[in-house]
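Student: I have a model to go through. Can we reason from values to terms?

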Amino acid sequence: MGKFLSLAHCLVFLILVTAVAGAQDLPIDRQATRETVLLYRHLQTIAGRGFLFGHQDDLAYGVNWKYIPGRSDVKDVTGEYPALYGWELGRIELGQSANLDGVPFGLMKDYIREAYRRGGVITISWHLNNPLTGGTAWQPAPGTVASILPGGEKHKLYVSWLDRVAAFLGDLKGPNGEPIPVILRLFHELNGSWFWWGGKNCTPDELQRLWRFTVSYLRDEKHLHNLLYAYNTDRFLTEAAWLERYPGDEWVDIGGFDIYQAYDIIKNEDYVRAFEHDLGLLEGIAKAHGKIAALTEFGYNGLPDSSWWTGVFLPTLKKYHMAYAMAWRNAGEKPGGEHEFYVPYPGQVSAADFVRFFRDPQTFFQSDATKENLYR
Ligand code: BMA
């Protein structure tokens, strides 16, 4: 009897181990397309060897240029495109033809197809307007999240917005008609209170319900199976703070955080301290939950330090296992006269150091991504 019990225990243990390992092997969408599953697995293995370097809006514009085919500030400086490309859907919900930063959605689709053909990775964020008030993503109002949950007064409106997002995502096809995998970064920076979906603007439970509704709508109603779902906070203090709004392991593929060297962390030492703290915590959380960890957004606006890339950023990031790290957009001069850029352009003070960063074996740019054959 004793022997039988221990054998039974062993079997149960084996089944459990297989189930847990299985959960880590596959994205949360059990009908994910072949390319999506393969990308997911590659991201897991890359995280031990280096990280994909990404840049938001890389192909659309840079400092002092816009919509020049083939151009990229990353390529102008290093000779290569990034390995990962971030795009933004804000205003697609309104049926507009260009996003909130002026990038036409038609062009965006072309850039996405072009990058995918080169073996690059696509991630998409969505600064959707406030569905309750019609204000921007940065204009919170009490009750907004509750209003779009099933049964809420703006639920139908929200669903119609998701339909527009789904139409965009469903139209992304590779050369053989296969859907292009996309890392969808829903409700980003959700621990801060600057967006209507974040921080004190709703309860964790409301956000979690919204997250689950959104994922199941896109996956089960719109039948999109080319998506990996990324959950990301801004800077955070504790593991509990990162997990506070986490919708559960069965709803998330990738966990991340955003961090900028700005305002209260303008000094390198302060940045490194905050960066290391969050990288260490995220790495632990991701491991415990069987998720891929990533630095979903970072940047030092204006890059005033000529050795920031290899003196500050890289040595810190290298100690941890992130699958990718994405710099925010090179907007250049904005309508209000303010400047914004997070990767150098030729002649910028950190350009030579960015080339050293590019040459480091742990930073993956386009040719590394192509060699990895991420979709095979
Ligand atoms: C912000 C800034 C804004 C931009 C927004 C959405 O961080 O770059 O200029 O409109 O992201 O892309």
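The talk below covers the ligand and its pocket in this predicted model.

Student: Which residues are around the ligand?
Tutor: They are D101, H127, W138, W328, R329, K334 and E340. To count, a residue needs a heavy atom within 4 Å of the ligand.

Student: What makes the contact with R329 a polar contact?
Tutor: An oxygen atom of the ligand lies 2.7 Å from an N or O atom in the R329 side chain. The cut-off is 3.5 Å, so the pair counts as a polar contact.

Student: How do you know that W328 and K334 make polar contacts too?
Tutor: Use the 3.5 Å limit again. For the W328 side chain, the distance from an N or O atom to a ligand oxygen is 3.0 Å. For K334 it is 2.9 Å, again from a side-chain N or O atom to an oxygen of the ligand. Both pairs therefore qualify.

Student: How much of the ligand does the protein bury?
Tutor: The protein buries 79% of the 310 Å² that the ligand exposes when taken alone.

Student: Why do we say the ligand sits in the largest pocket?
Tutor: The term requires more than half of a molecule's atoms to lie within 2 Å of the pocket's grid points. The ligand meets this for the largest pocket, so we say it sits there.

Student: How much space lies in the largest pocket, and what lines it?
Tutor: About 750 Å³. It has 26 lining residues, and Y260, Y263, W328, E340 and Y342 are the closest to its centre. By class, the lining has 12 nonpolar, four polar and 10 charged residues.

Notes
Residues numbered from 1 in each chain as written. Predicted model: local features only at pLDDT ≥ 70, side-chain atom pairs only at ≥ 80, totals over all residues. Heavy atoms only, no water. Polar contact = N/O pair within 3.5 Å; in protein donor to acceptor, adjacent residues only side chain to side chain. Areas by Shrake-Rupley, 256 points an atom, 1.4 Å probe, with all protein chains shown as cover. 1 Å grid on protein atoms, 1.4 Å probe; cavity = no way out; pocket = protein on both sides within 12 Å on 5 of 7 lines; lining within 4 Å. Points joined across faces, edges and corners; volume = space filled by probe spheres on them. Nonpolar A, V, L, I, M, F, W, Y, C, P; charged D, E, K, R; others polar.
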